[in-house]
Amino acid sequence: MKKEASNLNKLNLRSLSADRQVWIAAASFALICSILQFWRLQSLTASMDQGIFYQVLWNTLHGHPFESTLSSQLSTNVVHSGELPRIGYQRLGQHFTPILILWAPLVGLLGKWSLPIIQVLLITAAGLILYELGNAKLEKNISKMITFSFYGANAVIGPCLGNFTDLSQLPLCIFILILGIEKRIKSLIIISTFVIPLIREDAGILLIGVCLWVIFRKKSQIKLGAIIGLYGMLWVLATTNIFMPFFSEDSSKRFMVENFGQYLKGQDKASTIEVIKFISQQPVLVLEELISPFGKTIRYLAGHGLPLVFIPFISIDSWLLMGIPLTGILLAQGNPLAINWRYTYLVVPGLFSGAVYWWETHTLTFNRRIFKRIWSGFIILSMFFTLTSNPNRTLSWMIPISIKPWVYQSPIKQWQHGQSALEAIKIIPTNESASASSSLVPHLAARQALIRFPYNTSYQERDGTSKKVDWVAIDLDEHARYAFAFRSEWRDLQEIIKATNALIIDYSPQLVKDGIIILKLNGPENKKAALEFDTLLEKVSKIKNNKL
C-alpha cells in the first residue's frame, strides 16, 4: 500500500509539473508577443490592416457599425470604378465579421492597444484549450509537448506578431468545439458552433471539416456532425450570396475574381456558387494549382508540420479537419503560401487537433527517449526558422530586412523615428479628416474619415459630396528607407514624391521632422517647415536603386 501511495504521489507531482510547464510556456508566449506588439506600434511597424479594424470598431463604438473609409478605399467602387472613398461604407460587404462587435468596448477602453492585446490573448488561450483537449485523450506529458509545439509553431507565432486579424479568433473557437464534442458538453458545442461562422464569411468551411471528422471518426455522433456541417455550409452560401451583396459587390467583383480569377475564364464577376462550379469543371487546372509553385508549396506544408514532427500529414484526423481550408488556400490565385500570414489560422486548428487524436493510438512512440529529443529539436528548429523569417518585419530591430544588399536599421534609430512620428501627428485634431502613410494609419484611425496616402487625399461625405482631407501625414522616411535596395519600394517612392509635390497647391507644410511631413489644407504659412519640406524632397529624390 505504501509503495502504491508513493507511486501515486510521484504521478501527481509529474502531472502538476506538466501543468506548471504549460502555464509557464503560455505566460512566456503572451509576455514576449505582447512586448513585440508594443514594439510594432511604437516603431511604426503596424500598418493599414490594423488601422482598418481599429477604425471599424471605433466607428461601431460611436454609433456607425462596421463603417470604414479605409475599407472603402479597397472597395470595387474605388478600385475599379474610380470613385472616392466614402464615409458610411460598411466593411461587411468585404468581410462579414459580425462577431467583431464584441471587442468594441475594449477599443473604447484601451484605444489602439486593444487589438494587439486581444490577438495575443486569443492565441495564448487557444494553446491552453488545446492542452485541455490533449488531457482528455492523452497522458499529460504528450499533451504538454503538443502545446509546446503550438506555442513554438511558425504558423502560430508569425501571424500573431502581425497586424490584428479576425482569423486569430478561430483556433480558440475550434479547439473549444472539438473539446465540447469530445467531452459531450452541449453548451460548448452550441456556443462555439454558433460563433465560428460569425468570425468571417469563410470560417464556416471549418465546420464542414469538423462535420467530416465527426462522421468518419466519431460515429456515435453522426447526427451532431451533420448538423454542424449543414449549418457551416448554409451559412457560407447565405453570407456570400445574400448578406454581403446587400452591403456591396466587393465579394463577387473583387475577392472572388482576385482569389479565383484563374478559373473564371475571363469573367469579371462571380458568386461563390459560380466559383465552385467553374473549379469543378477544370480538374487539370485544379491539380496544377494544388502543387504549384511546387517548392513554395512544400516549404509551406513543411512549416506547418515541423513543430509536430510532421505527424499531422500521416493523421487521418488532421486531414479531415484541415483538408478543406488547406485546399482553399492552395487553390487561391497567387497561393497565399506564406507561413507568417493570417491564413495559417484556417489550417492550424485542424492540424493540431488531429495530432492529438493520432497520439491516442501511438503512445508507445512517445515513450522512446530518442523520439522525445527529436521532437524537442523540431520545436526548437521551428522557433529558429520563425526568428530568421522576421515575421511581418516585427524583428527588424535584430534581423536585417535584406542581407544582399545590406538593409538594416538599428533599434535605437527605429525607436527614435517612431517617437518622432507619434509626437508629430499629435498636431492633427482627432475630429478632423486625414490621409496618412500606412505606418501612421493605426495611430490615426480613431476618426470617421481616414484614407491611405498616396492613393487618395479626397473622400465622399455621407451626402455624396466630395471633400479634401484636412490633414496629410507622410512618413517619407519609411518610403525612402528601402528604396535603394528594392525595385518595388523605389517605384513606390517615385509615386509618393510626385503625389507629395502635388499637395503644395492646396496644402501647407506645418511640421517636418525626422522624415515625417505634416501638411494642412489651406494652412498658415510656416517658412521653416516649407524650407525643410523642400530640402527633404530634394534629398529623397536623389535616391538611386541599386538594381535599376
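The largest cavity in this predicted model has a volume of about 40 Å³. A search of the whole structure for cavities of 30 Å³ or more turns up one. If you want to find the spot, look for Ile-174, Leu-206, Val-210, Leu-321, Leu-346, Pro-349 and Gly-350, which line the largest cavity. Two helices, α11 (204-217) and α18, each give two or more residues to that lining. Sorted by class, the lining comes out as six nonpolar residues, one polar and no charged ones.

Helix α18 is a good place to stay for a while. It covers residues 348-359, and two other helices, α6 and α9, pack against α18.

Take α9 to begin with. Packed helices are described by the angle between their axes and the distance between those axes. For α9 (residues 170-183) and α18, the angle is about 35 degrees and the axes are 9 Å apart. Their crossing is right-handed. On the α9 side, the residues in contact are Leu-170, Pro-171, Ile-174, Phe-175, Ile-178 and Glu-182, and they meet Val-348, Pro-349, Phe-352, Ser-353 and Tyr-357 of α18. By class, that contact is made of nine nonpolar residues, one polar and one charged. You may recognise two of the names: Ile-174 and Pro-349 take part in this contact, and Ile-174 and Pro-349 also line the largest cavity.

Now turn to α6, which spans residues 114-137. Here the angle with α18 is about 20 degrees, again with the axes 9 Å apart. Angles under 35 degrees count as roughly parallel, so α6 and α18 are roughly parallel to each other. This crossing is right-handed too. Leu-130, Leu-133, Gly-134 and Lys-137 come from α6, and they meet Phe-352, Ser-353, Val-356 and Tyr-357 of α18. The mix in this contact is five nonpolar, two polar and one charged. Phe-352, Ser-353 and Tyr-357 of α18 touch α6, and Phe-352, Ser-353 and Tyr-357 are also in the contact with α9.

Just past the end of α9 there is a backbone oddity to check. Arg-184 sits in the loop between α9 and α10 (186-199), and its phi is positive, about 55 degrees, although it isn't a glycine. For context, most residues other than glycine have a negative phi, and most peptide bonds are trans.

That brings us to two peptide bonds that are cis. One runs from Ser-292 to Pro-293, with omega near -10 degrees. Pro-293 belongs to the loop between α15 (283-291) and α16 (294-305). Another runs from Phe-453 to Pro-454, with omega near 10 degrees. Pro-454 is in a loop between strands, linking β2 (450-452) and β3 (458-460).

One more stop: the second largest pocket, which holds about 490 Å³ of space. Its lining has 21 residues, and those nearest the centre are Phe-29, Ile-32, Tyr-151, Ile-157 and Met-383. The elements that supply two or more lining residues are α1 (2-42), α7 (140-151) and α20 (369-389). By class, the lining of this pocket has 17 nonpolar residues, four polar and no charged ones. The lining of the largest cavity, where we started, likewise has no charged residues.

Conventions:
Residues are numbered from 1 along each chain as its sequence is written. This is a predicted model: local features need pLDDT of at least 70, side-chain atom pairs count only at pLDDT 80 or more; totals for chains, interfaces and linings use all residues. Side-chain values use heavy atoms; hydrogens and water are left out. Axes are lines fitted to C-alpha atoms, for helices over the stretch in contact, and angles run from 0 to 180 degrees between N-to-C directions. Helices (H or I, at least four residues) and strands (E, at least two) are DSSP runs, numbered from the N terminus. Angles under 35 degrees count as roughly parallel, over 145 as roughly antiparallel, 65 to 115 as roughly perpendicular and the rest as oblique. A crossing is left-handed if the near helix is turned anticlockwise from the far one by less than a right angle, and right-handed if clockwise. Contact means heavy atoms within 4.5 Å. Ala, Val, Leu, Ile, Met, Phe, Trp, Tyr, Cys and Pro count as nonpolar, Asp, Glu, Lys and Arg as charged, and the others, Gly among them, as polar. On a 1 Å grid over the protein atoms alone, a cavity is a set of points where a 1.4 Å probe fits but cannot get out, and a pocket is an open set with protein on both sides within 12 Å along at least five of seven lines; lining residues have an atom within 4 Å of a point. Grid points are joined across faces, edges and corners, and a volume is the space filled by probe spheres set on the points.
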